[in-house]
Structures are given as C-alpha cells and as structure tokens.
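Please read the points below with the coordinates open beside you. They are set out in the order in which a colleague might wish to check them.

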Amino acid sequence: MKPSHPTVNLPASKTPAQLDQAIVWHPYSSITNPASAYLVERAENCKLHLADGRQLVDGMSSWWSVIHGYNHPVLNQALRDQIEDFSHVMFGGLTHRPAIELCQKLVEITPQGLDKVFLSDSGSVAVEVAMKMALQYWQGKGKPDKTKFACLRGGYHGDTLGAMSVCDPITGMHKLFSQTLQKQHFIEKPHCKFHEDCSEHDLQDARTLLRNNHQHIAALILEPVVQGAGGMYFYSPDYLKQLKMLCEEFHILLIADEIATGFGRTGKLFACEHAGISPDILCLGKAMTGGYMTLAATLCSPSVADGVCSSGSGAFMHGPTFMGNALACAVALASIKLLLESNWQTKVLHIEKQLDRLLSPAATMSGVHEVRVLGAIGVIELDEAVDMAIIQPLFVDAGIWVRPFGNLVYVMPPFIIDDNSLEYLGSSLLDVLGRYLANI
Ligand SMILES: *Cc1c(COP(=O)(O)O)cnc(C)c1O
C-alpha cells in the first residue's frame, strides 16, 4: 500500500476540470493560482469540440503544427499501419524505413546543401543539437575559442537552457534565468520590414557586432523572416540575405530555426526561400508531423558534418532515447507527402488574402498598434498586453479558438480551413476585439 500523504487529496468526486486545475501544469502557468483550461473531447478538421458541447473554429493550428487539420484520415491511417509493425526501436545500432524515408524527403525538400539529418524529440532539442553541432564544428576546425552565439533581439528558440540563452532576453520569457544562462551576443531586431529593402544602415549593428566578436562566435542563430513567439514580426528577406553574406565574410555558421516557419506557413515551403539562401544548419519541428506527434530534425551541410566528425572522438555527442521514433517518422512522412500533393501554396496565399481583408479593419481601432499578415499568419499588435482572464472567455463564447500572448492577438489557422470557417474566425475575432477594446 502507498503511504498516505497529507497533501494528496483528490476525491473522485472532482470533475476532470477540477482535477486538471489541482494537479496538471500547463504551459507558462501557475499551478497554485491556476487559470482554467477548456476540456477538449474531440477535434476534427478545423474545429475543436469542447466537453460542454461548444464548437470552436481553430485559429491556432495548436501552435503552428496542425496544418492539415485534426483527425485527418490519411495521417490516422499512417499511424495505424506503423503501429502494426512496431512503434519504436532504439536508434543506436538499429534503423528503419520510416526514418530513412523521412530523412531522404527532408533532404530533398529543404534548401540546397543540407544533406545530413539528426532527428530528435522536440524543437528546443533540435536547437540544442544545432548549437552543439556548431561548437563541435569549430573544435574540429581547430578553433575551440568559437564558443558563443550571435542572435537577433525579438527571437525565440525554445525553453531549454541552451535555447533560452539565444532567445530575446526580454520578450523571450526567460528573464528569471539570466544569471544562469550563457551570455550571448545580441543584434538589434531588424528594422526593415517584410516588404522593404535593407539598407547598409539597417545592417550596421550586425556588421559591427560580428566584426568585433567573430573570433568567439561559433554561429548566428535566427528565425528566417518571421520571428514567432518573440513578437510575431516579419522582417525583410533582403536583411536575411545580407546577414548570410556577413556570416560568410566573418567565418560564422548560420543556423536557421524554421521550427515555426517550415512546411509552408509563410507562403514558401521554407522561409529561407524568401531570401534564396541556404543556412549551414537548419532546425525543423512543429508542423513536421502535421501536429500528430512530437518530432524535430536538425539538418546540416556535408562541410559542417565533416567538421563535427573531426572533433573529439569523431562522433557527434548527442543521442536521445526516442531518437527516430518510428510512429513519429511515419506520420511525418505521410504529412509531408500530403502537403506536397495538395496545392498548399495556393491555399496559403488564399488564406493570406482573406486574413488581410478580414483583419485590416482592426488597424483603425483605438488600442491597435499594427495589423500585419504574411502567408497563413495574421497578427494584430495592440498597444498594451491583453487581459487573458477577460478576453479568452470572450473568444470561446464567440466560437473561436484564439490564444493571444502579451500584446499580440494572432491567428494561424490550419491550411485546410474552409472559406466559411475562415470568415467566421476573422469576423468573430474582430467583433470580440472591438468589444474588448471598448471596455478596458
Ligand atoms: C516552438 C519553437 C521552438 C521550440 O520548439 P518546442 O517543440 O516547443 O521545444 C523553437 N524555435 C522556434 C522558432 C519555435 O517556434
């Protein structure tokens, strides 16, 4: 019998929602003063069905990932088929077709020159892997002093310690840990916006920083063109192109974190394509499995791989237990095939047009700073942070799932969303926002 413990007191009479509040931790939340979470019973296509019978049109794609919508028959079947063979085997000394075919597909569709693939469990780990690759590369090249990273202000790369160190120190949500984190080199957030060119002046801060510190910098890490959780900001592809050239000039590797932008979200299959560049190292995650399983990948060029494997004992020193999980690989492969066989680019551009039309009127509301849309991403930036306790129930009552953070109210619906649902999402969002802003 388990010893009884005075603080464990969970009577069976509690509802699932009460149990959730008592014992289940949610992202970036307090468990001693918990906010309520909505109980999902079923999800299908672009709709979430709550236990209380309400239906919500999904504006979030479950944080960029569910691009084909929920409960997709093709993805369901891919998992069923794989489960009948095996779900997982260790990746040390063993391999399998789902992993091989997935890696081959990733090499084929990602920007040119990224030929080697390291699979891992989540986006943050893929970033850790990328950072370790960069460090081992310079060890292999006889430059062990290159131990620091350059990064952009406004960037977000994950929640583990290494990844946190390259997130924006203020908007990155990790201020509390600043004493523990490695000190990295931060470049000003790019001023030139998506449709603008990038002048020498825009590049000044990056050039100065890289010129003065390149002996110590292993790599520059950035989210190409779209900064996600650090501010939902779209910057000039020209800036990215110029940064890539600076990296070459100063012998610094470029790590592109496409965990959020990969697989079509910005209107290109990968956001690097807006600038026509190939990074030395690329991180993928989120939409890779269509939001079904957690899986991430770090790709690198043969030259980076050579450097990495001429350091130390010749091995890359990372190997997660669930590396290459067969279920995750099988559903990722099915999701990528589904994407490539769909006319995704037309759909994303159509969503872009609709979001532009539906959200633009918000620009004239008092309290709205800017409205911007790129690909299947629509952002309304407010002057002040929203009060989640007020606005979240308003969205749910209106029948839409939108989850703002800080002063950013944004949507990035599944690519398969139909016109009626998209119209409903956009008009309800504006209606709620208008009422919210009028009453604060
Ligand atoms: C979400 C995200 C990560 C972290 O991925 P997790 O799977 O949450 O660990 C890293 N980089 C970017 C750009 C992201 O959007």
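The notes that follow take up the ligand site, the cysteines, the strands and several single residues.

1. On the basis of the note: this is a predicted model, in which local features need pLDDT of at least 70 and side-chain atom pairs count only at pLDDT 80 or more, whereas totals for chains, interfaces and linings use all residues. Residues are numbered from 1 along each chain as its sequence is written, and side-chain values use heavy atoms, with hydrogens and water left out.

2. On the ligand shell: which residues surround the ligand? They are Ser-122, Gly-123, Ser-124, Tyr-156, His-157, Gly-158, Glu-223, Asp-257, Ile-259, Ala-260 and Lys-286, a residue being near a molecule or strand if one of its heavy atoms lies within 4 Å of it. By class, the shell divides into 3 nonpolar, 5 polar and 3 charged residues (Ala, Val, Leu, Ile, Met, Phe, Trp, Tyr, Cys and Pro count as nonpolar, Asp, Glu, Lys and Arg as charged, and the others, Gly among them, as polar).

3. On the polar contacts of the ligand (a polar contact is a pair of N or O atoms within 3.5 Å; within protein, one must be able to donate a hydrogen and the other to accept it, and residues adjacent in sequence count only if both atoms are side-chain atoms): a polar backbone atom of Gly-123 is 2.9 Å from an oxygen atom of the ligand, and a polar side-chain atom of Ser-124 lies 2.6 Å from an oxygen atom of the ligand. The side chain of Asp-257 places an N or O atom 2.7 Å from a nitrogen atom of the ligand. Of the 380 Å² that the ligand exposes when taken alone, the protein buries 82% (accessible areas come from the Shrake-Rupley method with a 1.4 Å probe, and for residues only the protein chains shown count as cover).

4. On the cysteines: how many disulfides does a search of the whole structure find? It finds 0, a disulfide being a pair of cysteine sulfur atoms within 2.5 Å. For Cys-192 the closest cysteine sulfur, in Cys-198, is 4.1 Å away and therefore too far for a bond, while Cys-272 is in no disulfide, with the nearest cysteine sulfur, that of Cys-283, 11 Å away. Cys-192 is buried, with a relative accessible area of 2%, and Cys-272 is buried at 0% (buried means under 20% relative accessible area, exposed over 50%, and partly exposed in between, with a 1.4 Å probe and protein chains only).

5. On strand 5 (residues 148-152): 4 of its 5 residues are buried, so that the strand is mostly covered. Strand 5 pairs in the parallel sense with strand 7 (residues 217-222) over 4 bridges, and Lys-148 has Ile-217 as its bridge partner in strand 7. Strand 5 also runs parallel to strand 6 (residues 185-187), to which 3 bridges join it, and there the partner of Ala-150 is His-185. Two strands pair if DSSP finds at least two bridges between them, and helices (H or I, at least four residues) and strands (E, at least two) are DSSP runs numbered from the N terminus.

6. On the hairpin: strand 13 (residues 368-374) is mostly covered, with 5 of its 7 residues buried, and 6 bridges join it to strand 14 (residues 377-382) in an antiparallel arrangement. Val-373 stands opposite Gly-378 in strand 14. The hairpin has 2 residues between the strands, and Gly-375 takes a positive phi near 55 degrees.

7. On positive phi outside glycine: Trp-63, which is not a glycine, has a positive phi of about 60 degrees; this residue is in helix 2 (residues 61-64) and is partly exposed, with a relative accessible area of 44%. Met-232 has a phi near 45 degrees, likewise a positive value in a residue other than glycine; Met-232 lies in the loop between strand 8 (226-227) and strand 9 (233-234) and counts as buried at 1% relative accessibility.

8. On Thr-110: this residue lies in the loop between helix 4 (97-109) and strand 4 (116-120) and is buried, with a relative accessible area of 6%. A polar atom of the Thr-110 side chain lies 2.6 Å from the backbone oxygen of Leu-106.
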